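Trainee: I have a structure to read, and I would like to learn how each term applied to it is justified. Could we go through it together?

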Amino acid sequence: AKEFPELTAQMQKLGVTGMEGVQSLASMLQIANKGTDSASAAANNLKNFLSKMAAPEAIKNFKEMGVDVVGV
């Protein structure tokens, strides 16, 4: 729960907000938790992943490949 505000901010950068964002985060955290030894580690891994995906350089690189990251 303490990492949730940072995670929702990362999701907002990708254009996912509201209940859709909460539901997506809950699902992502459940999956991430299966690969780690603690919920905190899972949240940290997910936060790192989302921050990399929301980085301007990543969005630019995907756009050059014809993928709209925010749209997907």
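Trainee: How do you know what share of the protein chain counts as buried?

Mentor: Buried means under 20% relative accessible area, with a 1.4 Å probe and protein chains only, and of the 72 residues of the chain, 22% count as buried. This is a predicted model, in which local features need pLDDT of at least 70 and side-chain atom pairs count only at pLDDT 80 or more, while totals for chains, interfaces and linings use all residues. Residues are numbered from 1 along each chain as its sequence is written, and side-chain values use heavy atoms, with hydrogens and water left out.

Trainee: What makes the elements of the protein chain helices?

Mentor: Helices are DSSP runs (H or I) of at least four residues, and strands are runs (E) of at least two; the chain has 4 helices and 0 strands, so the order from the N terminus is written α-α-α-α.

Trainee: Why is the set with Leu-7 and Val-69 called a nonpolar core?

Mentor: A nonpolar core is a set of buried Ala, Val, Leu, Ile, Met, Phe, Trp, Tyr and Cys residues joined through side-chain atoms within 4.5 Å. The largest one here has 11 residues, including Leu-7, Leu-29, Leu-46 and Val-69, and its largest share, 3 residues, comes from α3.

Trainee: Which residues is Leu-29 in contact with, beyond its neighbours within four places in sequence?

Mentor: Contact means heavy atoms within 4.5 Å, and with those neighbours left aside, Leu-29 is in contact with Phe-4, Leu-7, Ala-42, Ala-43 and Leu-46.

Methods. Buried < 20%, exposed > 50% of the residue type's maximum accessible area, 1.4 Å probe, protein only.
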